[in-house]
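The following exercises are to be worked with the sequence and the coordinates at hand. Each task is followed by a solution in steps.

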Amino acid sequence: MAEVTSAMVKELREKTGAGMMDCKKALTESGGDIEKAITWLREKGLATAGKKAGRSATEGAVGSYIHLGGKIGVLVEVNCETDFTARNDKFQALVKDVAMQIAWSDPTWVRREEVPAEELDKEKSAIRGELREQGKPEAMWEKILPGKVEKFYEKKCLLDQAFFRDPDGKRTVKDEINAAIAVIGENMQVRRFTRYVLGEGLKKETKDFAAEVSAAVTGGKK
């Protein structure tokens, strides 16, 4: 039986829109054959999200979430096909969950395709530097690199992140969206988001409270 790799799982997910674990199981059941795995997913009714992924999604909602008593705030736009779905409770719950995910996990991009080439090159260079410091043979670097880059995507790209409501950490945000697509029956896409952190980027003034108290007691005299 052929080894099921992360690259194979990724390819199958892109072709079918099915969840990561479902794709892995399909490949295992199909001996690593992509076409047989696609057939397996269709027979199980798990490839429906992929059929809807190409349909236009221009309706939707802008959701928000405020955390830690106003310390972190998120705005996110999630699109769907119809205004009717945009007002659906399940869709609204999904939008809320996505906003909470962003507050919790602080992604930089929605999807891996949005990562600028220069950022990816910078990350690869940093990884090679770490491997050098760890004393790993240079001949092994390119074999180790794909797995490290995958971890980078899982940390920085919203759709690749582990879904915060899954206690096992096996379902990604994309898996959750695909599950909602299968239930609601419309294409859904996270378009963009903004995450605010109170005071981020500001230079905070350091105060000498002891000196302030002393000045108040002495009337400003030294």
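**Exercise 1. The hairpin**

Task: Determine how strands β1 and β2 are joined, and in which sense they run.

Solution. The model under study is a predicted one. Step 1: locate the strands; β1 covers residues 59-67 and β2 covers residues 72-80. Step 2: examine the bridges; there are nine of them between β1 and β2, and the two strands run antiparallel. Step 3: check the register at individual positions. G63 faces V76 in β2, and H67 is placed opposite I72 in β2. Step 4: describe the connection. Four residues lie between β1 and β2, and the two strands form a hairpin.

**Exercise 2. The sheet**

Task: Establish the strand order of the sheet and state which strands stand at its edges.

Solution. Step 1: add the second pairing. Eight bridges connect β2 with β3, again in the antiparallel sense. Two opposing positions illustrate this register: L75 stands opposite T194 in β3, and G73 stands opposite Y196 in β3. Step 2: assemble the order. The three strands form an open sheet, β1-β2-β3, with antiparallel pairing. Step 3: identify the edges. β1 and β3 each have a single partner strand, so one side of each is left without a neighbour in the sheet. Step 4: give the twist, which averages 10° from one strand to the next. Step 5: consider the burial of β2. Eight of its nine residues are buried, and β2 is therefore largely enclosed by the rest of the structure.

As background to these steps, strands of a sheet pair through backbone hydrogen bonds, either parallel or antiparallel.

**Exercise 3. Positive phi angles and a glycine in a loop**

Task: For L68 and D106, which have positive phi although neither is a glycine, state the location and the accessibility.

Solution. Step 1: L68 has a phi of about 55° and is found in the loop between β1 and β2. Its relative accessible area is 53%; the cut-off for exposed is over 50%, so L68 counts as exposed. Step 2: D106 has a phi of about 50° and is found in the loop between α6 and α7 (117-133). With a relative accessible area of 42%, D106 is partly exposed.

Task: Where does G31 lie, and how far is G31 from E3 in sequence and in space?

Solution. Step 1: G31 belongs to the loop between α2 and α3 (34-43). Step 2: its relative accessibility of 32% makes G31 partly exposed. Step 3: G31 and E3 are separated by 28 residues in sequence and by 8.0 Å in space, C-alpha to C-alpha.

**Exercise 4. An aromatic pair**

Task: Classify the pair formed by W104 and F164, and place both residues in the chain.

Solution. Step 1: the whole structure contains four aromatic pairs. Step 2: the rings of W104 and F164 lie 6.2 Å apart, centre to centre, with 45° between the planes, and the pair is tilted. Step 3: the pair links distant parts of the chain, with W104 in helix α6 (residues 89-105) and F164 in the loop between α8 and α9, 60 residues apart. Step 4: compare accessibility. W104 is exposed at a relative accessible area of 57%, whereas F164 is partly exposed at 24%. Step 5: widen the view; W104, F163 and F164 form one aromatic cluster.

**Exercise 5. The largest pocket**

Task: Give the volume of the largest pocket and describe its lining.

Solution. Step 1: the largest pocket holds about 790 Å³ of space. Step 2: its lining comprises 36 residues, and R13, L159, D160, T172 and K174 lie nearest the centre. Step 3: assign the lining to elements. Two or more residues each come from α1 (6-16), α2 (20-29), α4 (48-52), α8 (138-156), α9 (173-184) and β3 (189-197). The largest share, seven residues, is given by α1. Step 4: sort the lining by residue class, which yields twelve nonpolar, ten polar and 14 charged residues.

Key. Residues numbered from 1 in each chain as written. Predicted model: local features only at pLDDT ≥ 70, side-chain atom pairs only at ≥ 80, totals over all residues. Heavy atoms only, no water. Pairing = 2+ DSSP bridges. 1 Å grid on protein atoms, 1.4 Å probe; cavity = no way out; pocket = protein on both sides within 12 Å on 5 of 7 lines; lining within 4 Å. Points joined across faces, edges and corners; volume = space filled by probe spheres on them. Nonpolar A, V, L, I, M, F, W, Y, C, P; charged D, E, K, R; others polar. Phe/Tyr/Trp six-rings, centres within 6.5 Å; stacked < 30°, edge-to-face > 60°. Buried < 20%, exposed > 50% of the residue type's maximum accessible area, 1.4 Å probe, protein only. Axes fitted to C-alpha atoms, helices over the stretch in contact; angles between N-to-C directions.
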